[in-house]
Amino acid sequence: MRKTSRKGARVPAEHLPVARVAVDMSLPHLDRPFDYLVPSELDAKAVPGCRVRVRFAGQLVDGLLLDRVQESDHEGRLSFLERVTSPEAVLAPEIAALAREVADRYAGTLADVLRLAIPPRHAKVEGEPPREPATAPEPPDGPGPWARYPAGPSFLAALAAGRAPRAVWTALPGPERVQAVARAVRTALAAGRGALVVLADGRDVARVDGALAEELGDGRHVALTADLGPTERYRRWLAVRRGAVRAVVGTRAAMFAPVHDLGLVVLWDDGDDVHAEPHAPYPHPREVLALRAHRSQAGALIGGYTRTTEATVLVETGWAHALTADRATVRAAMPRVRPVGDDFDMARDEAARAARLPHIAFDTARRALEHGPVLVQVPRRGYLPALACQRCRTMAHCSACQGPLALTSAHAAPYCRWCGRIAGDWHCPECGFFQLRAVVVGARRTAEELGRAFPGAVVRTSGREAVLDAVGPGKALVVSTPGAEPVAEDGYAAALLLDGWALLGRADLRAAEESLRRWMNAAALVRPGGAVVVSADGSLPAVQALIRWDPVTFAERELGERREAGFPPAFRMASLTATPAAIRELLVDARLPTSAEVLGPVPVSEQPQPGQQPRERALVRVPRGDGLPLARELQAGQGVRSARRTTEYVRVQMDPLELI
């Protein structure tokens, strides 16, 4: 490295003059650090973890300074850093290492992971006086809700001793799970370590946020959600990065929160599809938090009312231990579940199997309304989201784009859910008939029908258009879509789980597991001993698991069946989506493991844009132990195609939620 003495020329810093920069470029063949010289005038500002601007391929681009070293391995001439955008060290070394590992695990690039991990900069917030570090809370005076679990007190004792207990927690029905999470966080903070809690949606975050405020006191934790707005979210994130706060609760993006001395990670309801990251490389919080727990020697708590097959693998391999209550405690806390279609009901009401609200459901709701609100779960939102010919039952589709027709109200004309075209002159292409019938009934139509059936009760809806957070103890029917169920003040008196066929009949590998998860999440809001009616065949394994309140046995059975069929999580799978030619090129460029099996490609359901080729999807299956080599080879294959400047991008997803 040679210094120049030309007047006005930039001179490298005397100490550690080489900066290794992660350039904000998502091209796979450029997925590595690049070396730059640190000019002497930026020596004090160019600290590891800060944001910088560098010249790359003739353009000024953003980057993050990973490290400073004395010499570079690059034999050519190095360029100087153009400027330090901010001397704030936003990238912690442990998060940089985690991001690299996540990128390799999901066949992605470091730049894509860092975009998920670090929020955009707000200069005004960085200039504000730093927040005073919060003191550690006092240790809790007992296990609290964890006393109901045989292994609960020992889990807290291990956290208090600074060890790293890992548990898959099958929570008892009821609201105590919020207080249980808060007690675990307090235990970790009292031991001098940090805690990170990741939840599915903002309503859950608000509940845990309130419980943490009550358990920890003011100023010892922050909540990170998108609803805060970018400025306030960055302010809270910066307080965590600077070490002023060591407890974080948030939604999916909080999985990368830079908590100092992390001692506990908590993930609630890991089977919720809201946890699935929609941006490349599509990391799942369960995997990211498991990596963080391993790297930081932290405790881990993966909980839910049900158990996923992925969590069952963690227990089966010994990475985590099961944390469940004994059967006597479960029976005392669970509701009474009855399926529609029991032999006794059939003898009394032959039409019960075909009726949408059979006598048992109607009678249960009528009796329960005298004691409090009744929850009605409907799988589909809207009014009538699917229609068919009234005469021949042929599904009604748009004549322009072949999308499904739907109704928004009893007096509206049918319209296409894809293109929005009004289909007031629709005629059946099979029989020519013009009248329509409902195939799927949505939440709004259900509320309308219940309003007529129970004229003295208030009917409220909770769904995509308006999500209720809570309901009072009065006489009310609450119609909700899955995931939008409000919490009742004293618990629901009963719950009706309608249209079970719509959940169980989906062409999805996880249909039964997801159905049980949605049912149990709703039934857990019912008071102990309250009535729950599920409109599904009582002989099905998922329904039996709901009746017995035994999700563990169901998950173990489901995992066994997946292992026999060769599906995740017993096996690892990569989904490749692109045009057929691009998929073939990637499979040739990637040196797949010898154990790899390519399934497909097959056409995807999405309609191609005008002028574009139809897209297909191929699946690459390997044994679980070959998952990381598969991801790395696909990553390398993407790099080869990128270096050739191939214009088409192949979407690679490791273990996607939707396989069928």
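Let's start inside the protein: A22, V23, M25, L30, D31, R32, L110 and A111 line the largest cavity. Keep in mind that this is a predicted model. The volume of this largest cavity is about 60 Å³. Strand and helix both turn up in the wall, since β1 (18-23) and α2 (110-117) each give at least two residues to the lining. Sort the lining by class and you get six nonpolar residues, two charged ones and no polar ones.

How many cavities of 30 Å³ or more are there? The count is three. The second largest comes in at about 40 Å³, and its lining is made up of R286, E287, E310, V313, L314, P569 and R624. Helices α8 (285-296) and α9 (309-316) each contribute at least two of those residues, with α9 giving the largest share, three residues. The class make-up here is four charged, three nonpolar and no polar residues.

Hold on to E287, one of the residues lining that second largest cavity, and follow its side chain. E287 meets R105 in a salt bridge, with N and O 3.2 Å apart. Because R105 sits in helix α1 and E287 in helix α8, this pair ties together parts of the chain that lie 182 residues apart in sequence. The two partners have different surroundings: R105 is partly exposed, at 23% relative accessible area, while E287 is buried at 18%.

Helix α1 has another charged pair to look at. R100 makes a salt bridge with D104, and the closest N and O atoms are 3.0 Å apart. Why are these two about one helical turn from each other? R100 and D104 are four residues apart within α1 (residues 93-105), so about one helical turn separates them. R100 counts as partly exposed, with 25% relative accessibility, whereas D104 is buried at 17%.

Now for a pair that involves a loop. D141 and R183 join their side chains in a salt bridge, 4.0 Å from N to O. This one links distant parts of the chain: D141 is in the loop between α3 (123-126) and α4 (152-160), R183 is in helix α5 (residues 176-190), and the two are 42 residues apart. D141 is exposed, with a relative accessible area of 77%, but R183 is buried at 12%.

Those pairs belong to a longer list, as the structure holds 43 salt bridges. Some residues join up in a network of salt bridges, namely D269, D272, E514, R517 and R518.

What about disulfides? The count is zero. C428 is in no disulfide, and the nearest cysteine sulfur, which belongs to C392, is 3.5 Å away. That distance falls outside the cut-off, because a disulfide needs the two sulfur atoms within 2.5 Å. C428 is buried, at 4% relative accessibility. Another cysteine, C50, is buried too, at 0%.

Next, the backbone. Most peptide bonds are trans, and most residues other than glycine have a negative phi. With that in mind, look at A280 and P281, which are joined by a cis peptide bond with omega of about 5°. P281 is in the loop between β10 (262-268) and α8. G600 and P601 are also joined by a cis peptide bond, here with omega of about 10°, and P601 is part of strand β26 (residues 597-603).

Which residues have a positive phi without being glycine? W549 is one of them, with phi of about 55°. W549 lies in the loop between α16 (541-548) and α17 (551-565), and it is buried at 4% relative accessibility. D655 is another, with phi of about 50°. You'll find D655 in the segment after β28 (651-654), where it counts as partly exposed at 25%.

We can finish with T577, in strand β25 (residues 571-578). Is T577 buried or exposed? T577 is buried, with a relative accessible area of 10%. Setting aside neighbours within four places in sequence, T577 is in contact with V604, R615, E616, R617, Y649, V650 and R651.

Key
Residues numbered from 1 in each chain as written. Predicted model: local features only at pLDDT ≥ 70, side-chain atom pairs only at ≥ 80, totals over all residues. Heavy atoms only, no water. Buried < 20%, exposed > 50% of the residue type's maximum accessible area, 1.4 Å probe, protein only. Contact = heavy atoms within 4.5 Å. 1 Å grid on protein atoms, 1.4 Å probe; cavity = no way out; pocket = protein on both sides within 12 Å on 5 of 7 lines; lining within 4 Å. Points joined across faces, edges and corners; volume = space filled by probe spheres on them. Nonpolar A, V, L, I, M, F, W, Y, C, P; charged D, E, K, R; others polar.
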